[in-house]
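Here are my notes on this one, jotted down as numbered points. Have the viewer open while you read.

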Amino acid sequence: MGRYGLSRLNYATLEPAVWTVPPHPPTKSVTERVLFPLTVALTGAIVVWAYMNPEEDNMQEYWKRVETGQILMDDDDDDDDDEEDWDGEDED
């Protein structure tokens, strides 16, 4: 006996392992085969529909307000925050 109660292998008496093909997976029911592809297709269709059909009336009104200055674009007021806190003196 070797360490931990293990012994050496005797290759003279050891039979080679027989490799077999694993069994086929069980067949899926109709619901399992259809549910995932149907969900993916339905989600994709909703995304495409929402992308292709924006709300035209609201978008036109929004951009008219942006062009007239009633709504500031996201990058229009980035420097405004810095100027409020600046008092013109160095803080050492």
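1. Start with the layout: going from the N terminus, the elements follow the order α-α-α. The tally for the protein is 3 helices and 0 strands. Keep in mind that this is a predicted model.

2. On confidence, the mean pLDDT over the protein is 80, and 77% of the residues score at least 70. Broken down by element, helix α1 (residues 30-52) has the highest mean, 94, while helix α3 (residues 80-85) has the lowest, 54. A general caution fits here: where pLDDT is low, don't read the predicted coordinates in detail.

3. How much of the protein counts as buried? Just 2% of its 92 residues. The accessible surface adds up to about 10,000 Å², and carbon and sulfur atoms account for 57% of that.

4. Now the charged side of things. E55, E56, D57 and E61 together form a negative surface patch. To find E55, look in the loop between α1 and α2 (56-67). E55 counts as exposed because its relative accessibility is 53%, and the cut-off for that label is over 50%.

5. There's a nonpolar patch on the surface too, made by L9, Y11 and L14 and covering about 380 Å². Of these residues, L9 sits in the segment before α1. Is L9 buried or exposed? It is exposed, since its relative accessible area is 59%.

6. If you want places to look at in the viewer, I'd pick the negative patch with E55, the nonpolar patch with L9, and helix α3, with its mean pLDDT of 54.

Technical notes:
Residues are numbered from 1 along each chain as its sequence is written. This is a predicted model: local features need pLDDT of at least 70, side-chain atom pairs count only at pLDDT 80 or more; totals for chains, interfaces and linings use all residues. Side-chain values use heavy atoms; hydrogens and water are left out. pLDDT is the predictor's confidence in each residue, from 0 to 100. Helices (H or I, at least four residues) and strands (E, at least two) are DSSP runs, numbered from the N terminus. Patches are made of residues with over 30% relative accessible area and no salt bridge: like charges are joined within 9 Å, nonpolar side chains (Val, Leu, Ile, Met, Phe, Trp, Tyr) within 5 Å. Accessible areas come from the Shrake-Rupley method with a 1.4 Å probe; for residues, only the protein chains shown count as cover. A salt bridge is a side-chain nitrogen of Lys or Arg within 4 Å of a carboxyl oxygen of Asp or Glu. Lys and Arg count as positive and Asp and Glu as negative; His and the chain ends are not counted. The place of a charge is taken as NZ of Lys, CZ of Arg, CG of Asp or CD of Glu. Buried means under 20% relative accessible area, exposed over 50%, partly exposed in between (1.4 Å probe, protein chains only).
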